Amino acid sequence: MSSHCLKATATLLLVGIAGCANYQPPPVFAGFMSPQVSRTSCIDAVSRDRKVPKEDVKPLYDSQTMQEGVYVVTLSIGAGQRNINCTVNENGVVSDVINAR
């Protein structure tokens, strides 16, 4: 291989590595992946659905689904009660509230 080809290959490789090095994963706030608006919407939805005061509904953890911008937030509604899963998008639109397994 000529030195010109080696330089071009090395440059492409370095550009590729630099692109990966600059990757920034989505920010995680207070241990949650979902935006605050999503968790707040889930608290409101669970409070209405399960008829419990909003202050008793606490988000425990969340995960991102296979669909980008959609999260499952697991919430507690009090001691001795089953946890609740809330499916919500990044804009706070709740699509489902079910008992967690």
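## Reading a helix, a sheet and their core

Guide: Start with the core. The largest nonpolar core has 14 residues, and Val46, Val57 and Leu75 touch the most other members. α2, β2 and β3 each supply at least two residues of this core. Its largest share, four residues, comes from α2. Keep in mind that this is a predicted model.

Visitor: Which residues does Val46 contact, leaving aside its neighbours within four places in sequence?

Guide: The list is Lys51, Val52, Val57, Leu75, Ile77, Ile84 and Val97. Note that Val57 and Leu75 appear there. Those two are named with Val46 among the core residues that touch the most other members.

Visitor: Let me take Val57 next. Where is its place?

Guide: Val57 sits in the loop between α2 and β1.

Visitor: Is Val57 buried or exposed?

Guide: Compare its relative accessibility with the cut-off. Buried means under 20%. Val57 is at 3%, so it counts as buried.

Visitor: Which residues does Val57 touch, not counting residues up to four places away in sequence?

Guide: Its contacts are Ile43, Val46, Ser47, Val52, Leu75, Ser76 and Ile77. Look at Ser76 in particular. It is 19 residues from Val57 along the chain, yet their C-alpha atoms are separated by 5.7 Å.

Visitor: Now the sheet. How do strands pair in general?

Guide: Strands of a sheet pair through backbone hydrogen bonds, either parallel or antiparallel. Here, four strands form an open sheet in the order β1-β2-β3-β4, with antiparallel pairing. β1 and β4 (94-99) stand at the edges with a single partner strand each, so one side of each has no neighbour in the sheet. On average, neighbouring strands are turned by 20° against each other, direction ignored.

Visitor: How many bridges join β1 to β2?

Guide: Six, and the two strands run antiparallel. One bridge pairs Ser63 with Val72 in β2. The hairpin of β1 and β2 has five residues between the strands, and Gly69 takes a positive phi near 85° there.

Visitor: What joins β2 to β3?

Guide: Six bridges again link β2 (residues 70-76) to β3 (residues 84-89), an antiparallel pair. Val72 has Thr87 as its bridge partner in β3. Val72 is also the partner of Ser63.

Visitor: How should I read the side chains along a strand?

Guide: In a regular strand the side chains alternate between the two faces of the sheet.

Visitor: Which strands does α2 lie across?

Guide: α2 lies across β1, β2, β3 and β4, and runs at about 55° to β4.

Visitor: How many disulfides does the structure hold?

Guide: One. Cys42 and Cys86 form it, with their sulfur atoms 2.1 Å apart. Next, read the angle about the S-S bond. At -80°, this link is left-handed. The pair joins distant parts of the chain: Cys42 is in helix α2, Cys86 is in strand β3, and 44 residues lie from one to the other. Both Cys42 and Cys86 are buried.

Visitor: Where is Ser41 found?

Guide: In helix α2. With a relative accessible area of 16%, Ser41 is buried. A polar atom of its side chain lies 2.9 Å from the backbone oxygen of Gly92. Not counting residues up to four places away in sequence, Ser41 touches Val88, Gly92 and Val94.

Visitor: And Ser47? Is Ser47 buried or exposed?

Guide: Ser47 is also found in helix α2. Its relative accessible area is 11%, so Ser47 is buried. Beyond residues up to four places away in sequence, Ser47 touches Val52, Pro53, Lys54 and Val57.

Visitor: One last feature. How do I read the sign of phi?

Guide: Most residues other than glycine have a negative phi. Lys51 is not a glycine, although its phi is positive, at about 55°. Lys51 lies in the loop between α2 (36-50) and β1 (58-64).

Visitor: Is Lys51 buried or exposed?

Guide: The cut-off for exposed is over 50%. Lys51 has 72% relative accessibility, so it counts as exposed. Lys51 is nonetheless one of the residues in contact with Val46.

Conventions:
Residues are numbered from 1 along each chain as its sequence is written. This is a predicted model: local features need pLDDT of at least 70, side-chain atom pairs count only at pLDDT 80 or more; totals for chains, interfaces and linings use all residues. Side-chain values use heavy atoms; hydrogens and water are left out. Buried means under 20% relative accessible area, exposed over 50%, partly exposed in between (1.4 Å probe, protein chains only). Two strands pair if DSSP finds at least two bridges between them. Axes are lines fitted to C-alpha atoms, for helices over the stretch in contact, and angles run from 0 to 180 degrees between N-to-C directions. Contact means heavy atoms within 4.5 Å. A nonpolar core is a set of buried Ala, Val, Leu, Ile, Met, Phe, Trp, Tyr and Cys residues joined through side-chain atoms within 4.5 Å. A polar contact is a pair of N or O atoms within 3.5 Å; within protein, one must be able to donate a hydrogen and the other to accept it, and residues adjacent in sequence count only if both atoms are side-chain atoms. A disulfide is a pair of cysteine sulfur atoms within 2.5 Å.
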